[in-house]
Amino acid sequence: MSDLSSTEQTVADLTIVGAGAAGLAAAIVAGETATRSGARNIVVLDGARSIGAKILVSGGGRCNVTHDVVTPTDFFGNRRIIKNVLASFPVEQTIEWFASLGVELKREETGKLFPVSDSAKTVLRALVERCRTLGVSIRTHHRVTGIDRSCGEGFIIRHTQGSIQTPMVVLATGGRSIPKSGSDGSGYELVRRLGHHVTPTVPALVPLVLDDKLFHQSLSGLSQTVELATTVAGKEVDVRTGSLLWTHFGISGPVVMDASRFWTQATQRGESVRVHGNFLPDLNREQARAWLLEQTRDHPRRTLVKTLAQRLPQRFAEALLQHLGCDSQTSMGQLSRNTRDAVVASLTKFNFPIVRDRGWNYAEVTAGGIPLEEIDYRTMESKRVPGLYLIGEVLDCDGRIGGFNFQWAWATGRLAGRASGSALARRTPLKDTQGCGGG
């Protein structure tokens, strides 16, 4: 899909590891910044045979580039640092940047921004074309196996096709989500060897698998609005309302994906965690009980299932009542107090019997990673390893669903690209000193 060169080169002025969203953004901005004072040799290494897998699958193949409103509260991590990173590249500038690449964006009712072409290929093609125009060399099938400090200057990067000496490295290897895309967590070991910490990583924005004894299989494909509350060690840690999708394996949809990180993190820590659902999100338990009593008074001959179907999908109402052992055809006037209380309890605080998350192959992002405190948020340069820049999902920052993680990728990539590109513009090209070896 590109001019991805197989010609090996032992020296590069800047090497970017990972050709995903953050890595390509960094390559473009670094190229634009550095070439103002003369062409520079910028190389992007990627272990996959074809790049941009996550870009291509995001948003159902349309690529949810960003969101119309992005704030630090849309992310988890050190929000003081996140705020500063996001402020460096607001959404308005992101839209303008993509327009300069030939990609016009459109806003949907949810606030998500997509390319007007409705094709993720448009986004990836524009990023790769800009790299080509700038002379950036993207090398696929070059999996990085090690990064060592050079005895001369900078780093020696070991990869499956040889090695490269470089004064600066931008690490954009991604996290552990969708490992077939290339982000299999290998970047964490690379930075550990260089002296960085890595916080525990768990799948985030991931569907959840329910106990087979529940009724979810009969509802597969059905969506409904639900309030989800997650409780860890007896303390409520998250409450959010949104669309839940019933599936053959359990539950998915935006509200589940956003809440999943709390379940996966608590489980990883060995803490007790419960996820409850209120299927009448505009009512609490007492209000739901009052509503059913009102229906009993006003429509005593109407069946229980028809009453619930006024506010809920009928398929769900039937499945829930069967699960509770209630006769769905019971008239409201014949409904016992115990049955009514059981229905109200399940409608407003349903305990989802979650057995596991669906795993890294289905997670859209990684929670955990390199602590943000270990980077300079103004440049994304490591505080521990001068000349090393850390961007994108490899960092301990994850956003909610809706284009927020891409905005993090563009913003961190731009900061690292601008800083490394400026450094390139100030220095003389690196000479090959690999003969001295790494270390």
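## Two helix pairs

Helices α2 and α5 go past each other in a right-handed crossing. Residues 53-61 form α2 and residues 120-134 form α5, and their axes come within 8 Å, crossing at roughly 155°. That angle is over 145°, so α2 counts as roughly antiparallel to α5. On the α2 side, the touching residues are Ile 55, Leu 56 and Gly 61. They meet Ala 120, Lys 121, Val 123, Leu 124 and Leu 127 of α5. Keep in mind that this is a predicted model.

Now for α8 and α11. What angle do α8 and α11 pack at? It is about 135°, with the axes 9 Å apart, and α8 and α11 are therefore oblique to each other. This crossing is right-handed too. From α8, the contact uses Arg 285, Ala 288, Arg 289, Leu 292 and Leu 293. Facing them in α11 are Arg 340, Asp 341, Val 343, Val 344, Ala 345 and Thr 348.

## The whole protein

Zooming out, the protein has 439 residues, and 56% of them are buried. There are 12 helices and 24 strands, and the C-alpha atoms fill a box of roughly 90 × 45 × 35 Å along the principal axes. Take the contacts between residues at least 6 apart in sequence: 76% of them join residues at least 24 apart.

## Around Pro 115

Pro 115 is part of strand β6, which covers residues 112-115. Is Pro 115 buried or exposed? Its relative accessible area is 1%, so Pro 115 is buried. Leaving out residues up to four places away in sequence, Pro 115 touches Arg 62, Cys 63, Val 65, Val 103, Glu 104, Leu 105, Lys 106 and Val 123. Val 123 also belongs to the α5 side of the contact with α2. As for Gly 77, it sits 38 residues from Pro 115 along the chain, and the two C-alpha atoms are separated by 28 Å.

Arg 62, one of the residues touching Pro 115, also has a ring partner. The charged end of Arg 62 sits over the ring of Phe 114, 3.8 Å from the ring centre.

## Rings and charges

A search of the whole structure turns up 18 aromatic pairs. Take Trp 246 and Phe 279: their ring centres are 6.3 Å apart and their planes meet at 20°, so this pair is stacked. Trp 246 comes from strand β15, while Phe 279 comes from the loop between β17 (273-278) and α8 (285-298), so the pair ties together parts that are 33 residues apart in sequence. Both rings belong to buried residues: the relative accessible area is 0% for Trp 246 and 2% for Phe 279.

Which residues do ring pairs link into a cluster? Phe 215, Trp 246, Phe 279, Phe 316, Phe 350 and Phe 352. Elsewhere, Arg 311 lies over the face of Trp 291, at 5.0 Å from the ring centre.

## Helix α10

Phe 316, a member of that ring cluster, is also one of the buried residues of helix α10, which runs over residues 314-324. The others are Ala 317, Ala 319, Leu 320 and Leu 321.

What do the buried residues of α10 pack against? Their partners are β14 (223-232), β15 (235-246), α9 (304-308), α11 (337-348) and β18 (350-351). Just after α10 comes Gly 325, which takes a positive phi of about 75°.

How values were computed
Residues numbered from 1 in each chain as written. Predicted model: local features only at pLDDT ≥ 70, side-chain atom pairs only at ≥ 80, totals over all residues. Heavy atoms only, no water. Buried < 20%, exposed > 50% of the residue type's maximum accessible area, 1.4 Å probe, protein only. Helix = DSSP H or I, 4+ residues; strand = E, 2+ residues; numbered from the N terminus. Contact = heavy atoms within 4.5 Å. Phe/Tyr/Trp six-rings, centres within 6.5 Å; stacked < 30°, edge-to-face > 60°. Lys NZ or Arg CZ within 6 Å of the ring centre and 35° of its normal. Axes fitted to C-alpha atoms, helices over the stretch in contact; angles between N-to-C directions. Parallel < 35°, antiparallel > 145°, perpendicular 65-115°, else oblique. Left-handed = near helix turned anticlockwise from the far one by under 90°.
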